[in-house]
Amino acid sequence: MGLGDISVITGLCMGFDDDTEQYEIMFGLVHGIEHLYKENIEEGLYLIALAVPSVIDRAREWMEVLHYRIWR
């Protein structure tokens, strides 16, 4: 697994938590995921979609932030 290994996206999404007070860490996850999925958009979006059912109950707001940034 290398520094640009896109397969870690799903795992990174698992780190989102709406109850956190560490916003800089959450935005770090957003930026890291953005960097990775831009290398292979189709696979990256698929990997994000895989994470949604597992994190949506505890990280709806952060998943919305990520999705908003994807759309822009």
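Helices, in the sense used here, are DSSP runs of at least four residues, numbered from the N terminus, and in this predicted model Leu50 has its place in one such element, helix α3. At 41% relative accessibility, Leu50 counts as partly exposed, because that class lies between the buried limit of 20% and the exposed limit of 50%. Leu50 and Glu24 are separated by 26 residues in sequence and stand 24 Å apart in space, taken from C-alpha to C-alpha.

The packing of helix α2 against helix α3 was examined next. Two packed helices are described by the angle between their axes together with the distance between those axes. Helix α2, which covers residues 23–37, and helix α3, which covers residues 41–71, pack at an angle of about 165 degrees, and their axes are 9 Å apart. Because angles over 145 degrees fall in that class, α2 and α3 are roughly antiparallel to each other. The crossing in which α2 passes α3 is left-handed. On the side of α2, the contact is made by Tyr23, Met26, Phe27, Val30, His31, Ile33, Glu34 and Tyr37, while α3 contributes Ile41, Gly44, Ile48, Trp62, Val65, Leu66, Arg69 and Ile70. When the residues of this contact between α2 and α3 are sorted by class, 12 are nonpolar, two are polar and two are charged.

Two members of this contact, one from each helix, can be described individually. Glu34 is placed in helix α2, and since its relative accessibility is 7%, Glu34 counts as buried. With neighbours within four places in sequence left aside, Glu34 is in contact with Arg69 and Arg72. Gly44, for its part, lies in helix α3, and Gly44 counts as buried because its relative accessibility is 0%. Beyond its neighbours within four places in sequence, Gly44 is in contact with Ile6, Ile9 and Tyr37. Gly44 and His67 are 23 residues apart along the sequence, and the distance between them in space is 12 Å, C-alpha to C-alpha.

The nonpolar interior was then considered. The largest nonpolar core has 18 residues, and those with the most contacts inside this core are Ile9, Cys13, Phe16, Ile33, Ile48, Met63 and Leu66. The elements giving two or more residues to the core are α1 (9–13), α2 and α3, and of these α3 gives the most, with eight residues. Phe16, named above among the core residues with the most contacts, touches Met26, Leu29, Val30, Ile33, Arg58, Ala59, Trp62, Met63 and Leu66 when residues up to four places away in sequence are not counted.

The loop between α1 and α2 holds Met14. Relative accessibility at this position is 31%, and Met14 therefore counts as partly exposed. Met14 and Ile56 are 42 residues apart in sequence, yet the C-alpha to C-alpha distance between them is 9.6 Å. Apart from neighbours within four places in sequence, Met14 is in contact with Ala51, Ser54, Val55 and Arg58. Arg58 also appears among the residues touched by Phe16.

Note on methods: Residues numbered from 1 in each chain as written. Predicted model: local features only at pLDDT ≥ 70, side-chain atom pairs only at ≥ 80, totals over all residues. Heavy atoms only, no water. Axes fitted to C-alpha atoms, helices over the stretch in contact; angles between N-to-C directions. Parallel < 35°, antiparallel > 145°, perpendicular 65-115°, else oblique. Left-handed = near helix turned anticlockwise from the far one by under 90°. Contact = heavy atoms within 4.5 Å. Nonpolar A, V, L, I, M, F, W, Y, C, P; charged D, E, K, R; others polar. Core = buried A, V, L, I, M, F, W, Y, C linked by side-chain atoms within 4.5 Å. Buried < 20%, exposed > 50% of the residue type's maximum accessible area, 1.4 Å probe, protein only.
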